[in-house]
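Open the model in your viewer and keep the selection box ready. We will go from stop to stop.

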Amino acid sequence: MSTTEKQTRSWKAERVLDGMGKKLSRQITGSLVACVHCGMCTESCHYVLANPGDPTYAPAYKADKIRRLFKRHHDWTGKVFPWWVKAGSVYTDEELEELKDIVFGRCTNCRRCTFSCPMGVDLATFNRMARGLLVSVGIMPEGVAVVSKDQWETGNQMGVLKEDYLETLEWMEEELQDELDDPTVSIPVDQPDCDVVYSINPREVKYDPRTISDAAKIFHVAREKWTMASEGWDMTNFGLFSGDDALGGSVASRLYEKVNELRGKTLVISECGHGFRSTRCEGPNWAKFDVPFVMESSIFTMLRYIKEGRIKVDKSKNPKPVTYHDSCNFARSCGITEEPRELLHLVCEDVREMYPNRAENYCCTGGGGAMSMSEYTRERLKSGVVKANQLEATGAEVVVTSCHNCVDGLTDVIRHYKLGMEVTQLVNLVANALVIEGKPAHAVVPGLEVEAGSNAQA
Amino acid sequence: MSTAVFEGTRLHGATVRLVRDDITELDVDAFVFYASHDLILGSGHGTAISVRGGPSIQKELKALAPLETGQAAVTGAGNLKAKHIVHAVGPRFREPDLERKLRSTMDETLRCARRVGARSLALPAMGAGYYGIPTALCARVMLQALDDHLRSDDALEEVVISVLDTPQWEAFRAALEALDGGKAR
Ligand code: SF4
Ligand code: SF4
């Protein structure tokens, strides 16, 4: 045994190394062993592009900080020839703090590097594992602690209290009644046996309630039998960002259980990349829950309503030039790139692509929960130069995205780089483009005209 | 979700109920908040306590901070339905000697409840959830501590264990059923 081996370890370091053994799924192990250090992923990372000449931002460099622990403690190569495979260990809490700054502060888990890797290394997967291991011993950025505790204990990641949530829904209902001059318009809560149970991001309650009333307007015009839930309504999941699978499972099961209790047929998830991924893709595994109902993003719901003739839209109501920002979780983790564009073209006159786009688009800088980690704001905004250049080159006045997290990330980048662009979501544009019976339409969407009266649904 | 599905295990003359509810809204003499060392209420249930209860609670805590692991302190509950809040500083995040520390936190919590003459007391799954204490261990230690305490506390008539989710519910139901089949009376 070497001298280093005789060093004593802090209990936190012990637990982290121990815990790693239990987290090594086939997918994670595959990514940990596969890297050949070819460097093909380097230029794909927005941190690298914003910090030229600094190799410490390279995906493989960051990955090696985790990989060395795996090699030393869980892989035979690191036991036989540690010097060759660069195996290493951690002993002190300070070393864990340094690791924290890398896994939380220098990677947004955007998975762009994965798409450049010929070996299929998925850094975000084991970066999330490393985050989870640190969180399990209480080492995490302050904001991650605050948000995680909120979501564990209040059921939503912004600590919105039940009475405030319900009051906001009532307020939005009144606004909508005034806007449509129709006192029968409602935002139903806890209605059983509905076709749609609509779940949202707590950010909508706290900072952007207009997205709730816009969605309600669309459901109303589509004559949808829908409801919101009084509890289990938060479709976001900080467990995806913090790496805490128990939180992931707890949040997801609260949502699923409520839909079951209400006997809802479809859970519609409002626009949010990580919320969709967590609820639709990861949640059933975290929660070990056999979900008996359909789960869909509201992007698909709105598109369906137009195609089925349940709502009519007039794109001339949205004349400003717009560009679409792909949320990393939608585009790279869920493969959803075309439907939002199809919808956007139906409701906006002037749509311009940013380059690169779709699965190759760059992170808004707010991925992986970065918006909650104020200690890394300077680095995050510096990395935002990549996004800022992309946005500016489109000449668009409005950036559209399907993610509340991206709205915040983009707004911050736009403010920092003084781009003077607006940020909005599809729900706002669709609601604005709605042709409501009795109100004159300027135009009809070409190719999607439907016969008069066919939007009347039981 | 505010349904009490597991009702009425009798333990040394007291009723122990399991509910899935917001602990800060319960109508009890005292409820327990799993506090931090500096007694800053912070997020989660802390937000609910400070928003619903008003500023008097944090003000009272200022004079009581800091506390060591295993210690607890009592404040009023401001505008909340409860009369008192027991702020208990327990172990967190897989720290060493977890079980012993959790047990002494529970003992101190129950002493605080006795001191204020609580006849009804609500407890969360102490340290489970955000602080990562394993739920099965949490349920076992809490119920053992309650079992021992209730032998000598005649004032406490009702104990409500308020959990956050299904895994916590299952762990406590199993522990309560084991107690019911064994020592509960
Ligand atoms: S592209 Fe893949 S194999 Fe090459 S350095 Fe990056 S992670 Fe390693
Ligand atoms: S996941 Fe994204 S932020 Fe992280 S290293 Fe890869 S490209 Fe960079």
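Rings of Phe, Tyr and Trp count as a pair if their centres lie within 6.5 Å. Note that this model is predicted.

Start with the rings. Select A:Trp76, A:Phe81, A:Trp83 and A:Trp84: together they form one aromatic cluster. Over all chains, the count comes to 17 aromatic pairs.

Next, select A:Phe219 and A:Tyr305. Their ring centres are 6.4 Å apart and their planes meet at 80°, an edge-to-face pair. Where in the chain do the two residues of this pair lie? A:Phe219 is in helix α11 and A:Tyr305 is in helix α15, 86 residues apart. Buried or exposed? A:Phe219 is buried, because its relative accessible area is 4%, under the cut-off of 20%. A:Tyr305 is at 0%, so this residue counts as buried too.

Move to A:Phe238 and A:Phe241. Their centres are 5.5 Å apart with the planes at 90°, so this pair is edge-to-face. A:Phe238 is buried at 2% relative accessibility, and A:Phe241 is buried at 5%.

Now look for charges over rings. A:Arg106 lies over the face of A:Tyr57, 3.9 Å from the ring centre. In chain B, B:Arg92 lies over the face of B:Tyr131, at 4.3 Å.

Finish at the ligands. Select ligand 1. The residues around it include A:Cys35, A:His37, A:Cys38 and A:Cys117. Its shell has ten nonpolar, two polar and no charged residues. Then select ligand 2. Among its surrounding residues are A:Cys45, A:His46, A:Lys62 and A:Arg111. Helices α3 and α4 of chain A each give two or more residues to this shell. By class, the shell around ligand 2 has seven nonpolar, three polar and two charged residues.

Note on methods
Residues are numbered from 1 along each chain as its sequence is written. Chains are lettered from A and ligands numbered from 1 in the order in which they are written. This is a predicted model: local features need pLDDT of at least 70, side-chain atom pairs count only at pLDDT 80 or more; totals for chains, interfaces and linings use all residues. Side-chain values use heavy atoms; hydrogens and water are left out. A residue is near a molecule or strand if one of its heavy atoms lies within 4 Å of it. Ala, Val, Leu, Ile, Met, Phe, Trp, Tyr, Cys and Pro count as nonpolar, Asp, Glu, Lys and Arg as charged, and the others, Gly among them, as polar. Helices (H or I, at least four residues) and strands (E, at least two) are DSSP runs, numbered from the N terminus. Rings of Phe, Tyr and Trp (its six-membered ring) pair if their centres lie within 6.5 Å; planes under 30 degrees apart count as stacked, over 60 as edge-to-face and the rest as tilted. Buried means under 20% relative accessible area, exposed over 50%, partly exposed in between (1.4 Å probe, protein chains only). A charge sits over a ring if NZ of Lys or CZ of Arg is within 6 Å of the ring centre and within 35 degrees of the ring normal.
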